[in-house]
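Here are my notes on the model you sent over. Have it open while you read, and go through the points in order.

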Amino acid sequence: MAKIVQATARAVASYGVNPVARFLLRIGVTPNAVTVAGTVGVLIGSYFGARGHLFWGTVIVTACALTDALDGTMARMRGGSGKFGALLDSSMDRIADGAVFGAVVYYLATEGNPYGGVVAALISLVFGQVVSYVKARAQSLGLNADVGIAERLERLLIVGFGGLLGAAGLDWGLPAALWVLAVLSVITAFQRLIHAGRTEPKVTSE
C-alpha cells in the first residue's frame, strides 16, 4: 500500500510539484520556510475541523500537508536539506500530526464520541508517533525500519477520506476511517520493529 501511494506521489511531483519548487527557489523562498508555512496551514485547518467544519478543515489540511513533498523537492534541487532541515521537517510533522488528531478528538468528543471514534483517534495518534519514532531510532542505530503498510502520507489520506465522509453527513464515516487507521498503525509499528530486528547484524563468537 505504502509503495503504491509513494509511486503515485512521485508521479504527481514530476508534473506538479517540481515547477512550483523551481519557482519558489527562484524568488528566494527556502525549503525550511515552506516547511513551517505548511505546518501553520495544518494548524489552521485543524482548527476548522475541531469546530465542526469538516469539509474545509480536510481541504486545508490536505493542501498544506502536500508541502511535505514540496519542501523535500526544493531541498533536493538545492543539493540536500542538511541536518537542521531534516530535523525541522520531522519536528513540524509531529506538531502537524498532533494538531490533526487533537482536532479530531475534540470534534468527536463534542459530538458524543460516535462509534468510539475518540478511542480510535487516540490509538492512531499514539501509534502514529511510534511508527515515526521506530524508523528514526532504527536509523540512528544502523538498522533498517523503512517498511510499513501505513506510513504518514497514508495515515493523513485515511483521516482526510473520513473527514469528507463526515462532511457529507455520514456520521459513521470519520470514526470508521479512524478505526481502520488505528489497526493499520498498530500493524505498521510492529512491522517496523520486526523488520529492524531482522536487519541487526548477528554477533558471532570465535
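1. Residues 115–133 are 89% helix and 0% strand, with 29 Å between the end C-alpha atoms. Helices here are DSSP runs of H or I with at least four residues, strands are E runs of at least two, and numbering goes from the N terminus. UniProt, in an unreviewed entry, gives this span as a "transmembrane region", along with 23–48 and 153–170. UniProt positions follow the numbering used here, feature names are shortened, and annotations may be inferred rather than shown by experiment. For residues 23–48, the figures are 85% helix, 0% strand and 30 Å between the end C-alpha atoms.

2. Some housekeeping before going on. This is a predicted model, where local features need pLDDT of at least 70 and side-chain atom pairs count only at pLDDT 80 or more, while totals for chains, interfaces and linings use all residues. Residues are numbered from 1 along each chain as its sequence is written, and side-chain values use heavy atoms, with hydrogens and water left out.

3. Overall, the protein has eight helices and zero strands. Of its 206 residues, 42% are buried, where buried is under 20% relative accessible area, exposed is over 50% and partly exposed is in between (1.4 Å probe, protein chains only). Taking contacts (heavy atoms within 4.5 Å) between residues at least 6 apart in sequence, 79% join residues at least 24 apart.

4. Now α6, residues 117–140. Its 24 residues reach 35 Å from first C-alpha to last, close to the 34 Å expected at 1.5 Å a residue; the expected span is 1.5 Å times one less than the number of residues. Buried residues of α6 include G117, A121, S124, G128 and S132. Among the elements covering them are α5 (82–110), α7 (152–167) and α8 (173–199). After α6 comes G142, with a positive phi near 80 degrees.

5. How does α7 compare with its expected span? The end C-alpha atoms of its 16 residues are 22 Å apart, which agrees with the 22 Å expected at 1.5 Å a residue. Its buried residues include the charged-type names R152, E154 and R155, as well as G160, G162, G163 and G166. G169, just after α7, also has a positive phi, about 95 degrees.

6. Which aromatic rings pair up? The search of the whole structure turns up two pairs, counting rings of Phe, Tyr and Trp (its six-membered ring) with centres within 6.5 Å; planes under 30 degrees apart are stacked, over 60 edge-to-face and the rest tilted. Y47 and F48 are edge-to-face because their planes sit at 80 degrees, with the centres 6.4 Å apart. Y47 is exposed at 52% relative accessibility, and F48 is partly exposed at 30%. F55 and W56 are edge-to-face too, at 5.2 Å centre to centre and 80 degrees between the planes. Here F55 is partly exposed at 41% and W56 exposed at 52%.

7. Last, the voids. There are two cavities of 30 Å³ or more, a cavity being a set of points on a 1 Å grid over the protein atoms alone where a 1.4 Å probe fits but cannot get out, with lining residues having an atom within 4 Å of a point. Grid points are joined across faces, edges and corners, and a volume is the space filled by probe spheres set on the points. The largest cavity is about 100 Å³. Of its 14 lining residues, G38, T39, T67, D93 and R152 are the closest to its centre. Helices α2 (31–50), α3 (54–65), α4 (67–77) and α5 each supply at least two residues of that lining.

Terms used
On a 1 Å grid over the protein atoms alone, a cavity is a set of points where a 1.4 Å probe fits but cannot get out, and a pocket is an open set with protein on both sides within 12 Å along at least five of seven lines; lining residues have an atom within 4 Å of a point.
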